[in-house]
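These are my notebook entries on a protein structure. I set down what I looked up, one topic at a time.

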Amino acid sequence: MQFHHHGYVSGDPRVQPVAGAGIDRPAELPDKVDVLIVGTGPAGVLTAAQLSQFPGVTTRIVERRAGRLAIGQADGIQARSVETFQAFGFAERIIAEAYRITEMAFWKPDTKDPSRIVRTARTVDDPAGISEFPHLIVNQARVLDYFAEFMANSPTRMVPDYGFEFVSLNVTGGGEYPVTVTLLRTAGPEEGQERIVRAKYVVGADGARSKVRESIGCTLAGDQANHAWGVMDALAVTDFPDIRTKCAIQSGTGGSILLIPREGGHLFRMYVDLGEVDPNDHGAVRSTTIEEIIGKANEILHPYTLAVRNVAWHSVYEVGHRLTDRFDDVLPDQRGARTPRVFITGDACHTHSAKAGQGMNVSMQDGFNLAWKLGHVLEGRSPESLLSTYSAERHVVAKNLIDFDKEWSTLMAKKPDEFADPSELENFYVSTAEFPAGFMTQYAPSMLVAASEHQARATGFTVGKRFKSAPVVRVGDTNPVHLGHHATADGRWRIYVFADAAVPAMGQQAVPSPTSDFAEWIANSPESPLAATPSGADPDAWFDVKVIYQQDHTRIDIGAVPAVFKPRVGPFRLTDYEKVYASDPAADIFELRGLDRGGVVVVVRPDQYVAHVLPLTATAELAGFFAPLLPARRPEAVRSEKPFAHF
């Protein structure tokens with residue numbers, strides 16, 4: 001965490017200086033906003049949290065409830081989400097309060113007495129080391145609390161506007177605020193009154209029964225599995241030995257349980273198999289009582305017993321898999337003719353079972369994908385065409401999720417004697433671990449993702465996939481750190497320069513090398529993406545450029561490192577020493593990530609996905625990649641005094 005560069009901070013350094021829309025922010029919802037977000041679920045709050053980092057953008061998020069969510073239905077936090085929490089600054093705190101999944105136990109009927117269940121296998125949750133971050137269980141409400149805190153501490157001082165329900169919207173297609181939204185007051189002295197808000201863009205994060213989705217003519221299409229599950233968060237006394245371990249339990253009498261321990265050491269969640277549902281049931285299964293769910297759980301757990309003392313929450317649901325055909329308001333025949341004004345995210349776009357722990361996780365990545373794009377367009381960093389990539393990228397992800405969940409939920413509902421291989425369930429769990437962890441997403445080539453022509457130069461940073469962090473040593477203070485953990489959710493592009501073998505050595509004159517040549521180009525060429533940075537802004541305001549040397553940190557003279565990797569920032573123009581890294585002798589990043597020793601550039605999007613891999617000499621390609629994403633270079637951007645000159 002960096003602070004004090006604007007002057008001494010005696011309070012909480014997580015509270016950023018107020019700026020832009022945060023200055024004299026009106027307590028009441030204004031009549032006109034840049035972005036109106038509907039719904040404070042995971043997708044909505046992440047979208048708002050990211051946009052809260054754009055002071056020039058007026059964003060408001062409305063919620064029909066009168067206040068914060070007390071008990072959430074989602075609880076599974078995959079490692080990719082924890083990576084995202086790191087970018088928003090609260091990974092360590094939420095890890096500390098969460099339940100951490102390290103193993104999963106599998107229980108099946110005893111072959112000697114099928115009326116009894118026995119443990120047949122244990123699997124490590126992440127045997128391949130997919131991520132340095134853990135797989136967590138924590139209530140959705142706490143996730144929302146952390147994002148709300150981040151928003152409130154942001155330059156825009158954003159807080160949700162509670163007590164507003166979305167009614168309808170109309171896109172006029174003209175004017176500065178082309179979307180007219182009708183809201184209904186659901187709480188407070190104005191309850192029952194309608195309110196009109198005009199917006200440049202609207203984001204519908206209002207759940208599976210989304211009215212925003214309905215307003216733009218989208219419908220969820222898919223199938224119902226005709227299989228019901230009872231779910232409960234409970235406190236109980238039991239002799240079942242794995243009550244604090246994640247378990248898949250299959251009974252000989254028919255029926256299964258997915259057991260997920262919850263945070264706090266005592267609470268747990270059970271998904272209890274209620275069996276097949278008659279197609280003519282007309283929803284009657286949803287009236288199953290909590291007593292019936294508990295009874296079924298005891299039947300499945302035999303010979304163990306479960307004496308439930310308290311139920312925090314329970315529900316009954318039927319597995320369904322549904323997906324919309326598009327995630328924005330642009331009809332297929334309008335693609336290319338206009339850009340979207342209304343977007344939908346999360347459950348408004350895709351619904352599936354809860355047992356794979358994907359709903360909240362994929363929804364948050366929807367928001368992360370969309371929010372920085374809105375910020376860049378509204379601040380003039382990028383053209384409106386950027387917004388069309390949201391639906392194109394995330395629709396594919398949602399389709400893959402539903403295909404995965406269909407297979408997993410089908411396996412969970414099978415009876416033990418229906419498996420051709422007794423180990424089929426646990427084998428599937430292990431073999432597909434990377435997908436539910438959130439790391440199989442790979443965006444296709446587009447204006448935001450380059451072709452993989454140079455992929456061989458960085459085999460561990462797959463173009464289109466998330467940037468997989470690795471250990472390095474920060475040269476300035478000799479601290480061992482994780483490179484990716486310093487990519488905060490600030491809306492900036494990352495350009496990682498993995499240096500060639502030349503060493504900026506102590507007491508030696510700078511020797512020309514591919515790294516120093518690249519540093520000179522990116523700092524001072526009018527074709528460099530940095531040339532688009534607004535005059536008067538910090539030189540790293542739009543692009544975070546870092547260098548990673550192959551050598552041990554003791555061999556690097558930070559004074560000889562090119563100035564572009566040590567920008568002068570803040571009102572006092574202080575040197576930022578935290579962009580210069582060396583390889584960690586215990587875990588060489590060049591070896592771990594298959595990096596070309598001749599040097600390579602890895603470009604990473606603001607949402608942490610690799611956009612390009614290039615040799616150090618491919619400056620024209622780098623310029624060509626960013627040219628359509630950035631505003632035209634202003635003459636004053638090419639300064640007579642080099643902005644990164646040594647002092």
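**Entry 1: a small set of strands**

I began with strand β7, residues 135-137, and found that β7 pairs with β4 in the antiparallel sense over 3 bridges. I note here that the model is a predicted one. Within this pairing, I located I101 opposite H135 of β7.

I then asked in which order the strands of the open sheet lie. The sheet has 3 strands, and I read their order as β3-β7-β4, with antiparallel pairing. Which strands form the edges? They are β3 (76-77) and β4 (99-101), and each of these pairs on one side only.

**Entry 2: the largest cavity**

Next I looked for enclosed empty space. I recorded 2 cavities of 30 Å³ or more in the structure. For the largest cavity, the volume is about 130 Å³. Its lining is made up of 15 residues, and those closest to the centre are E83, F467, G484, H485 and Q608.

I also asked which helix gives the most to this lining. The entry I wrote down is helix α2, residues 79-87, which contributes 4 residues to the lining of the largest cavity. I sorted the lining of the largest cavity by class and obtained 6 nonpolar, 5 polar and 4 charged residues.

**Entry 3: the second largest cavity**

I turned to the second largest cavity, whose volume is about 30 Å³. Which residues line it? I listed H376, R381, S382, W493, W542, F543 and L630 as the lining of the second largest cavity. By class, I entered 4 nonpolar, 2 polar and 1 charged residues for this lining.

**Entry 4: the cysteines**

My last topic was the cysteines. A disulfide is a covalent bond that joins the sulfur atoms of two cysteines. How many disulfides does the count give? I recorded 0 disulfides.

I took C349 as a case to reason through. The cysteine sulfur closest to that of C349 belongs to C218 and lies 8.1 Å away. A disulfide needs the two sulfur atoms within 2.5 Å, so the sulfur of C218 is too far from that of C349 for a bond.

I then asked whether C349 is buried or exposed. C349 counts as buried because its relative accessibility is 0%. I checked C247 as well: its relative accessibility is 0%, and therefore C247 counts as buried. For both entries, I used the cut-off for buried, which is under 20% relative accessible area.

Key:
Residues numbered from 1 in each chain as written. Predicted model: local features only at pLDDT ≥ 70, side-chain atom pairs only at ≥ 80, totals over all residues. Heavy atoms only, no water. 1 Å grid on protein atoms, 1.4 Å probe; cavity = no way out; pocket = protein on both sides within 12 Å on 5 of 7 lines; lining within 4 Å. Points joined across faces, edges and corners; volume = space filled by probe spheres on them. Helix = DSSP H or I, 4+ residues; strand = E, 2+ residues; numbered from the N terminus. Nonpolar A, V, L, I, M, F, W, Y, C, P; charged D, E, K, R; others polar. Buried < 20%, exposed > 50% of the residue type's maximum accessible area, 1.4 Å probe, protein only. Pairing = 2+ DSSP bridges.
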